[in-house]
Amino acid sequence: MTEESAALYVVPTPLGNLGDLTRRAGEVLRSVPWVAAEDTRHSAPLLKLLGSLARTLPAHQHNELAAAARIVERLKAGEAVALISDAGTPGISDPGARIVAAVRAAGCKVIPLPGPCAATTALSASGLTDEHFLFYGFLPNKGGQRRKAIEDLRGNACALVFYEAPHRVLETVADLAAVLGERTLVIARELTKLFESIHSGPLTAALEWLKEDPNRQRGEFVLIVSGAPADVDDHEGERVLKLLLADGLPVKQAARLAAAITGAAKNALYERALALKE
Ligand code: SAM
């Protein structure tokens, strides 16, 4: 292996299409003596296909700290360990972050490999032109908490990236539409797999589109919603502006702070503050 020996390699694995495993990922998985896997049985066929003779150790959400201790032990003994999850990049809505933190805290090296990730794959095909994106991952399972989480994101100008499972996709899209209203929703389903589909359309029409054909509700989903339009920022700007004015801040300072906090236009807020004062 041209790579270093006693390091933790964070190795992304394919989302569906085995051709997406990078050459470097294959080399690392073939050459390390240990692979820490989210589900060792799930990953066994991949390791077999690669001809990897690595011993596996389980590293899932219920044993992450114990797994981290075992991994640090192997690293301290001078052995390399590769960390993989069931699909995609470890640590991205998957176990891995605690292991990486423990390895780093123990003074051992962490080497990340680039590779498959559902969020970036979906984003690259979304066609959304928002300058920034916010990766949220899974929203809460419970309706009330989910709507609250969406409400908290309402004023955010970033495109919002969510992961969702098939049995919750209808509820989640319904909540996104109810809270966020007229926006664009990109539904990226079964990426890199046989039934891959990427649909883009108005968020408010998405529920009907999903219901029209039950096949559209099957598989794994990335949902991307376009960011808050400028007028929502303005609305939020005005809300913050009023709070600051009510707290006794001078017009100029209140407008400057409200603009900095919400991203709304400073001059417009200044004019509005003057009008409110009158
Ligand atoms: N670590 C993974 C990554 O890097 O994308 C994500 C793991 S998370 C447990 C699984 C979720 O990722 C799925 O519920 C789905 O939202 C999304 N996902 C994974 N594979 C996908 C695919 N092929 N197409 C669309 N979404 C996918």
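Reader: Which residue in β10 is the bridge partner of isoleucine 187?

Author: The partner is leucine 223 of β10. Please bear in mind that this is a predicted model.

Reader: How do β8 and β10 run, and how many bridges join them?

Author: The two strands are antiparallel, and 5 bridges join β8 to β10.

Reader: And what stands opposite leucine 223 in the pairing with β7?

Author: Phenylalanine 162 stands opposite leucine 223. Strand β7, residues 159–164, pairs with β10, residues 221–225, in the antiparallel sense over 5 bridges. Another pair there is tyrosine 163, whose bridge partner in β10 is valine 222.

Reader: What is the strand order of the sheet?

Author: The order is β6-β7-β10-β8-β9, in an open sheet of 5 strands with mixed pairing. The edges are taken by β6 (133–138) and β9 (197–202); each has a single partner strand, so one side of each has no neighbour in the sheet. On average, neighbouring strands are turned by 15° against each other, direction ignored.

Reader: Which helix packs on this sheet?

Author: Helix α7, residues 169–180, packs on the sheet and touches β7, β8 (184–189) and β10. The direction of α7 makes about 5° with that of β10.

Reader: Is β10 enclosed or not, and how many of its residues are buried?

Author: Strand β10 is largely enclosed by the rest of the structure, because 5 of its 5 residues are buried. In a regular strand, side chains alternate between the two faces of the sheet. In β10 both faces are covered: Phe221, Leu223 and Val225 are buried on one side, and Val222 and Ile224 are buried on the other.

Reader: Changing topic to helices: at what angle do α3 and α4 pack?

Author: Helix α3 (residues 64–76) and helix α4 (residues 97–105) pack at about 40°, and their axes are 9 Å apart. That angle makes α3 oblique to α4.

Reader: Is the crossing of α3 and α4 left-handed or right-handed?

Author: The crossing is right-handed.

Reader: Which residues make that contact?

Author: From α3 the contact takes Glu64, Leu65, Ala67, Ala68, Ile71, Val72 and Leu75. From α4 it takes Ala97, Arg98, Ile99, Ala102 and Val103. By class, the residues of the contact of α3 with α4 divide into 10 nonpolar, no polar and 2 charged.

Reader: Now the backbone. What is phi of serine 93, and where does the residue lie?

Author: Phi of serine 93 is near 50°, a positive value in a residue other than glycine. Serine 93 is placed in the loop between β4 (81–84) and α4. Its relative accessibility is 34%, so serine 93 counts as partly exposed.

Reader: And glutamate 190, is that buried or exposed?

Author: Glutamate 190 counts as buried, because its relative accessibility is 14%, which falls under the 20% cut-off. Phi of glutamate 190 is likewise positive, near 50°, and the residue lies in the loop between β8 and β9.

Reader: One last residue: where is alanine 273, and what does it contact beyond its sequence neighbours?

Author: Alanine 273 lies in helix α11, residues 266–277. Leaving aside neighbours within four places in sequence, alanine 273 is in contact with Leu241, Leu245 and Val251. At 0% relative accessibility, alanine 273 counts as buried.

Reader: How far apart are alanine 273 and leucine 203?

Author: Alanine 273 and leucine 203 are 70 residues apart in sequence and 33 Å apart in space, C-alpha to C-alpha.

Conventions
Residues are numbered from 1 along each chain as its sequence is written. This is a predicted model: local features need pLDDT of at least 70, side-chain atom pairs count only at pLDDT 80 or more; totals for chains, interfaces and linings use all residues. Side-chain values use heavy atoms; hydrogens and water are left out. Two strands pair if DSSP finds at least two bridges between them. Helices (H or I, at least four residues) and strands (E, at least two) are DSSP runs, numbered from the N terminus. Axes are lines fitted to C-alpha atoms, for helices over the stretch in contact, and angles run from 0 to 180 degrees between N-to-C directions. Contact means heavy atoms within 4.5 Å. Angles under 35 degrees count as roughly parallel, over 145 as roughly antiparallel, 65 to 115 as roughly perpendicular and the rest as oblique. A crossing is left-handed if the near helix is turned anticlockwise from the far one by less than a right angle, and right-handed if clockwise. Ala, Val, Leu, Ile, Met, Phe, Trp, Tyr, Cys and Pro count as nonpolar, Asp, Glu, Lys and Arg as charged, and the others, Gly among them, as polar. Buried means under 20% relative accessible area, exposed over 50%, partly exposed in between (1.4 Å probe, protein chains only).
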